[in-house]
Amino acid sequence: MRDGAIFAKAGLPSIAIVTEAFVELAAFTAEAVGMPAVPRYVLPHPCSGTGDENLARVAREAAPGIIDLLEGRTR
């Protein structure tokens, strides 16, 4: 979340990618750094440790939504 806010403050297209388990923490952090509107893309939790096949599937499914957010489109 902090990285997304830093890049957004620098004027770069930015989003934060978080897993379901950290949605509330991401919102708190975004508010704390003064960037509550930084877009977020939420991935299933957990992602790590779920195997290469699952990670590849998650990435394939997430990519279009991430690109949309970076280009200013919402889903």
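Me: Before we look at Ser 14, what does contact mean here?
Reply: The model shown above is a predicted one, and the term is applied to its atoms in a simple way. Two residues are said to be in contact when their heavy atoms lie within 4.5 Å.

Me: With that in mind, which residues is Ser 14 in contact with, leaving aside its neighbours within four places in sequence?
Reply: Ser 14 sits in the loop between α1 and β1, the strand of residues 16-19. Its relative accessibility is 12%, and since buried means under 20%, Ser 14 counts as buried. Once the neighbours within four places are set aside, the residues in contact with Ser 14 are Gly 4, Phe 7, Ala 8, Val 38, Pro 39 and Leu 70.

Me: How far is the backbone oxygen of Leu 12 from a polar atom of the side chain of Ser 14?
Reply: The side chain of Ser 14 takes part in two pairings that are worth finding in the structure. In one of them, this side chain reaches the backbone nitrogen of Ala 8 at 3.1 Å. In the other, a polar atom of the Ser 14 side chain and the backbone oxygen of Leu 12 are separated by 2.8 Å.

Me: What pattern does the protein chain follow when it is read along the sequence?
Reply: The protein chain contains 3 helices and 2 strands. Among the helices are α1, which covers residues 2-9, and α2, which covers residues 23-32, while one of the strands is β2, at residues 40-43. Read along the sequence, these elements follow the pattern α-β-α-β-α.

Me: Among contacts between residues at least 6 apart in sequence, what percentage join residues at least 24 apart?
Reply: The C-alpha atoms of the protein chain fill a box of roughly 35 × 25 × 20 Å along the principal axes, and buried residues make up 32% of the 75 residues. For the contacts, we take those between residues at least 6 apart in sequence and ask which of them join residues at least 24 apart, and the share is 59%.

Me: Why do the buried residues of α2 line one face of the helix?
Reply: The buried residues in α2 are Ala 26, Thr 29 and Ala 30, and they pack against α1, β1 and β2. On the other side of the helix, Glu 24, Phe 28, Glu 31 and Ala 32 are exposed. An α-helix has 3.6 residues a turn, so residues three or four places apart point the same way. Seen down the axis of α2, the buried residues line one face because they fall within an arc of 100°.

Me: Is Ala 27 of helix α2 buried, partly exposed or exposed?
Reply: Ala 27 belongs to helix α2, and its C-alpha atom is separated by 9.3 Å from that of Val 38, which lies 11 residues away along the chain. Its relative accessible area is 35%, which falls between the limits of 20% and 50%, so Ala 27 is partly exposed.

Me: Which residues form a nonpolar patch on the surface?
Reply: One member of the patch is in helix α1, namely Ile 6, and this residue is exposed, with a relative accessible area of 53%. Together the members of the patch have about 300 Å² of accessible area, and they are Ile 6, Phe 7 and Leu 12.

Me: Which residue meets Arg 57 in a salt bridge?
Reply: Side chains of opposite charge can pair when their charged atoms come close. Arg 57 counts as partly exposed, at 34% relative accessibility, and its partner is 4 residues apart from it in helix α3, residues 52-70, so about one helical turn separates the two. The salt bridge has an N to O distance of 3.0 Å, and the partner is Glu 61.

Me: Which residues are joined into one network by salt bridges that share partners?
Reply: The structure holds 3 salt bridges. Asp 68, which is buried at a relative accessible area of 14%, forms one with Arg 73, where the closest N and O atoms are 2.8 Å apart. Arg 73 also forms a salt bridge with Glu 71, with the closest N and O atoms 2.6 Å apart. Salt bridges that share partners therefore give one network, made up of Asp 68, Glu 71 and Arg 73.

Key: Residues numbered from 1 in each chain as written. Predicted model: local features only at pLDDT ≥ 70, side-chain atom pairs only at ≥ 80, totals over all residues. Heavy atoms only, no water. Patch = residues over 30% accessible without salt bridge, like charges linked within 9 Å, V, L, I, M, F, W, Y side chains within 5 Å. Areas by Shrake-Rupley, 256 points an atom, 1.4 Å probe, with all protein chains shown as cover. Salt bridge = Lys/Arg side-chain N within 4 Å of Asp/Glu carboxyl O. Buried < 20%, exposed > 50% of the residue type's maximum accessible area, 1.4 Å probe, protein only. Polar contact = N/O pair within 3.5 Å; in protein donor to acceptor, adjacent residues only side chain to side chain. Arc of directions from axis to C-beta.
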